[in-house]
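Me: Please take a close look at the charged side chains in this model, and at the sheet that goes with them. I would like one connected account, with each term explained as it comes up.

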Amino acid sequence: QVQLVESGGGVVQAGGSLRLSCAASKIIFSFNTMGWYRQAPGKQREMVALITSAGGTNYADSVKGRFVISRDYAKNTVDLQMNSLKPEDTAVYYCYAARDHYWGQGTQVTVSS
């Protein structure tokens, strides 16, 4: 049973922007800190950004000032706006619901130089 559904990945040139979106059920969305993680080939999965149910945020140092995480309580979605993308941002991006330990299926982001 799919709990989290991601969308918005793709291929973009360095310096460009992409917006990822993660849709969840209302119960999952309302009671979980939500986040985005990423995994590049040959590397461990790493946290990119987190947002609590109260709206508090936390970012990896590598994306601070470039990425913005937000949540839409009307749509039960968590979005990741990615600006000034770099080739090192290339990875599979996963949506995560922290309390219930749910992961999305992942969406590929490729940044070309």
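Reply: Aspartate 89 counts as buried, at 1% relative accessibility, where buried means under 20% relative accessible area, exposed over 50% and partly exposed in between, with a 1.4 Å probe and protein chains only. This is a predicted model, in which local features need pLDDT of at least 70 and side-chain atom pairs count only at pLDDT 80 or more, while totals for chains, interfaces and linings use all residues. Residues are numbered from 1 along each chain as its sequence is written, and side-chain values use heavy atoms, with hydrogens and water left out.

Arginine 66 is buried as well, with a relative accessible area of 10%, and its side chain meets that of aspartate 89 in a salt bridge of 2.8 Å, N to O. The pair links distant parts of the chain, 23 residues apart, since arginine 66 sits in the loop between β6 (57–59) and β7 whereas aspartate 89 sits in the loop between β8 and β9. Salt bridges that share partners join these two residues with Arg38 and Glu46 into one network. A salt bridge here is a side-chain nitrogen of Lys or Arg within 4 Å of a carboxyl oxygen of Asp or Glu, and by this rule the count comes to six. The strands named here (E, at least two residues) and helices (H or I, at least four) are DSSP runs, numbered from the N terminus.

Within that network, glutamate 46 forms a salt bridge with arginine 38, the closest N and O atoms being 2.7 Å apart. Glutamate 46 is partly exposed at 36% relative accessibility, whereas arginine 38 is buried, with a relative accessible area of 6%.

A further salt bridge brings in the sheet: the side chains of arginine 19 and aspartate 79 meet at 3.2 Å, N to O. Arginine 19 lies in strand β3 and aspartate 79 in strand β8, so the pair ties together parts that are 60 residues apart in sequence. Arginine 19 counts as partly exposed at 44% relative accessibility, while aspartate 79 is buried, with a relative accessible area of 13%.

The two strands that carry this pair, β3 and β8 (residues 77–82), are joined in the antiparallel sense over six bridges; strands count as paired if DSSP finds at least two bridges between them. One of the partnerships sets cysteine 22 against valine 78 in β8. On the β1 side, four bridges join β1 to β3 (residues 18–24), again antiparallel, and serine 7 has serine 21 of β3 as its bridge partner. Along β1 (residues 4–7) the side chains alternate, with Leu4 and Glu6 buried on one face and Val5 and Ser7 pointing to the other face and not buried.

Taken together, four strands form an open antiparallel sheet in the order β1-β3-β8-β7. Its edge strands are β1 and β7, each of which pairs on one side only.

The edge strand β7 (residues 67–72) holds arginine 71, which is buried yet has no salt bridge, the nearest side chain of opposite charge being aspartate 72 at 9.2 Å. For this purpose Lys and Arg count as positive and Asp and Glu as negative, with His and the chain ends not counted. The side chain of arginine 71 instead reaches the backbone oxygen of asparagine 32 at 3.3 Å and that of isoleucine 51 at 3.2 Å. Such a polar contact is a pair of N or O atoms within 3.5 Å; within protein, one must be able to donate a hydrogen and the other to accept it, and residues adjacent in sequence count only if both atoms are side-chain atoms. Leaving aside residues up to four places away in sequence, arginine 71 touches several others, among them Phe29, Met34, Thr52 and Val78, contact meaning heavy atoms within 4.5 Å.
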